[in-house]
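Colleague: Could you take me through the salt bridges of this model with some care? I would like the pairs set out one by one, with the surroundings of each partner.

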Amino acid sequence: GTLDQALENVELAIEMSRSNWKKYIVGVELGGNPTRNDFRLFKPAFELARKEGLSISIHCGEVPMGMNESEKDQNLLRAYQEAVAILQFRPDRLGHALLLSDSLMETLFENPIPIECCPTS
């Protein structure tokens with residue numbers, strides 16, 4: 001998807017969270033194929049959702065990543081940098097987070113964010 005599509009969906013969620021659906025619409029989540037898109041592209045949509053009081057869950061650490069910014073493999077570096085951006089954003093909940101680098105796990109231990117883990121994925 002695109003940022004425009006994400007913003008449209010967040011605006012719909014905000015609208016619904018203020019209607020008769022408010023007990024059902026409590027937040028937004030970013031999931032999907034972690035190699036196709038990047039949280040940083042969609043950050044404005046999640047900033048809007050947070051500003052309007054919606055909870056946020058973001059899948060993170062689902063694919064192998066580099067250990068730090070010195071990583072030479074561009075795919076591993078991108079995964080690391082995206083995970084850094086997600087942890088800095090501080091969503092209300094993380095999805096997966098099983099393949100975070102040791103340094104990012106340490107960051108998470110120091111500043112905990114609840115993690116949801118799916119036993120079948």
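Modeller: The helices and strands named below are DSSP runs, numbered from the N terminus, with H or I over at least four residues for a helix and E over at least two for a strand. This is a predicted model, in which local features need pLDDT of at least 70 and side-chain atom pairs count only at pLDDT 80 or more, while totals for chains, interfaces and linings use all residues. Residues are numbered from 1 along each chain as its sequence is written, and side-chain values use heavy atoms, with hydrogens and water left out.

A salt bridge is taken here as a side-chain nitrogen of Lys or Arg within 4 Å of a carboxyl oxygen of Asp or Glu, and a search of the whole structure on that basis finds seven. For the setting of each partner, buried means under 20% relative accessible area, exposed over 50%, and partly exposed in between, with a 1.4 Å probe and protein chains only.

I begin with a pair inside one helix. Lys43 and Glu47 form a salt bridge in which the closest N and O atoms are 4.0 Å apart, and both residues belong to helix α2, where a spacing of four residues amounts to about one turn. Lys43 is partly exposed, at 33% relative accessibility, and Glu47 is also partly exposed, at 41%.

Helix α3 holds another such pair, Arg78 and Glu82, whose closest N and O atoms lie 3.3 Å apart; because these two residues are four positions apart in helix α3, about one helical turn separates them. Glu82 counts as buried, with 11% relative accessibility, whereas Arg78 is partly exposed, with a relative accessible area of 24%. Through salt bridges that share partners, Asp38, Arg40, Arg78 and Glu82 are joined into one network.

Within that network, Arg78 also pairs with Asp38, and the closest N and O atoms of this salt bridge are 3.3 Å apart. This pair links distant parts of the chain, since Asp38 sits in the loop between β1 and α2 and Arg78 in helix α3, 40 residues apart. Asp38 is buried, its relative accessible area being 9%. Arg78 thus has salt bridges both to Asp38 in the loop and to Glu82 in its own helix.
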